[in-house]
Amino acid sequence: MTDRPNAHDALLGATNELIYARGITGTGVDAIAAQAGVTKRTLYQHFGSKDRLVAEALTDRNRRALLALETNARRRSEETGELVILALFDVIENALRTKTKAGCAFINASLEINRPGHPVREAALAHLRAREGLVQQFLTEAGVEDADLAAQVTLLVDGAYAVGGSRRDPTAARHAKAAVAALLASRVVS
């Protein structure tokens, strides 16, 4: 095991992979270091603590996850002609079907580390708030600026991930999509 130039990135990648599969408390620094191909000393030199490493890994994952959600929802919207906010649920369903079988890494982390102010919890909540901002943006683009509706749709996004992950049922996203479509239709009719 060596301190190679990309040890930082290898540690972030290994941490994201392992904590998603095993949970935060179920993943030790020995496993992370081994997966990254570095020593525990290297891990601590780069991050100082497991908590800081996990928080930074979640922050790194946040950037990629939000970009992927937005890009893929817009692409799906172009393919189907549906509103981007509705296409978002197709993206969630596909993710639950293929690569995110354990649901949302950020919801999982915020529930597992439930201490206010903890860096891991704060990193997870930062993603959830940013995802809520993306929902608001998609609703605004659809001509709907309603904070209550945005909160309801965000709840359906989070619920699709939570139910889809906990039950291993990607169709949860399809059911959430139908609820959002009904909410949007009721706004237009009113």
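Helices here are DSSP runs of H or I, at least four residues in length, numbered from the N terminus. With that in hand, welcome to the tour; the model on your screen is a predicted one.

**Stop 1: His127**

Start by selecting His127, which sits in helix α7. Is this residue buried or exposed? Buried means under 20% relative accessible area, and His127 has a value of 1%, so it counts as buried. Now show what lies around it. Leaving out neighbours within four places in sequence, His127 is in contact with Asn62, Ala65, Leu66 and Phe106. Add Ile107 to your selection too: it is 20 residues from His127 along the chain, and the two C-alpha atoms are separated by 9.2 Å.

**Stop 2: the largest nonpolar core**

Stay with α7 for a moment, because this helix gives nine residues to the largest nonpolar core, the largest share of any. The whole core has 41 residues, and those with the most contacts inside it are Leu58, Ile85, Leu88 and Ile92. To see where the core comes from, colour α4, α5, α6 (105–112), α7 (119–141), α8 (147–166) and α9 (171–189), the elements that give two or more residues to it. In soluble globular proteins, nonpolar side chains tend to be buried together.

Next, pick Ile85. Which residues does Ile85 touch, not counting those up to four places away in sequence? They are Val135, Phe138, Leu139, Val153 and Leu184.

There is also a second, separate core, made of 15 residues. Ala7, Ala10, Leu18 and Ala57 are among them.

**Stop 3: Leu86**

Move on to Leu86, which you will find in helix α5 (residues 84–98). Its relative accessibility is 11%, so Leu86 counts as buried. Setting aside neighbours within four places in sequence, Leu86 is in contact with Lys177, Val180, Ala181 and Leu184. Try a distance label between Leu86 and Leu184: these residues are 98 apart in sequence, yet 9.7 Å apart in space from C-alpha to C-alpha.

**Stop 4: where α1 meets α4**

Now select helices α1 and α4. Their axes come within 9 Å and cross at roughly 90 degrees, which means that α1 is roughly perpendicular to α4. On the α1 side, show His8, Leu11, Leu12, Thr15, Asn16, Ile19 and Tyr20. On the α4 side, show Leu53, Val54, Glu56, Ala57, Leu58, Asp60, Arg61 and Arg64. Colour this contact by class and you will have eight nonpolar, three polar and four charged residues.

**Stop 5: where α2 meets α3**

Another crossing awaits at α2 and α3. At what angle do the axes of α2 and α3 cross? The angle is roughly 95 degrees, and the axes come within 9 Å; α2 is therefore roughly perpendicular to α3. Val29, Asp30, Ile32 and Ala33 of α2 make this contact with Lys40, Leu43 and Tyr44 of α3. By class, the contact has five nonpolar, no polar and two charged residues.

**Stop 6: the buried side of α3**

Finish with α3 itself, residues 40–47. Which of its residues are buried? Thr42, Leu43 and Phe47 are. Look along the helix axis: these residues cover an arc of only 105 degrees, so they lie on the same side of α3. Turn on α1 (7–22), α2 (29–36) and α4 (50–80), which are included in what covers the buried residues of α3. Your last selection is Gly48, which follows α3 and has a positive phi, near 80 degrees.

How values were computed
Residues numbered from 1 in each chain as written. Predicted model: local features only at pLDDT ≥ 70, side-chain atom pairs only at ≥ 80, totals over all residues. Heavy atoms only, no water. Buried < 20%, exposed > 50% of the residue type's maximum accessible area, 1.4 Å probe, protein only. Arc of directions from axis to C-beta. Contact = heavy atoms within 4.5 Å. Axes fitted to C-alpha atoms, helices over the stretch in contact; angles between N-to-C directions. Parallel < 35°, antiparallel > 145°, perpendicular 65-115°, else oblique. Nonpolar A, V, L, I, M, F, W, Y, C, P; charged D, E, K, R; others polar. Core = buried A, V, L, I, M, F, W, Y, C linked by side-chain atoms within 4.5 Å.
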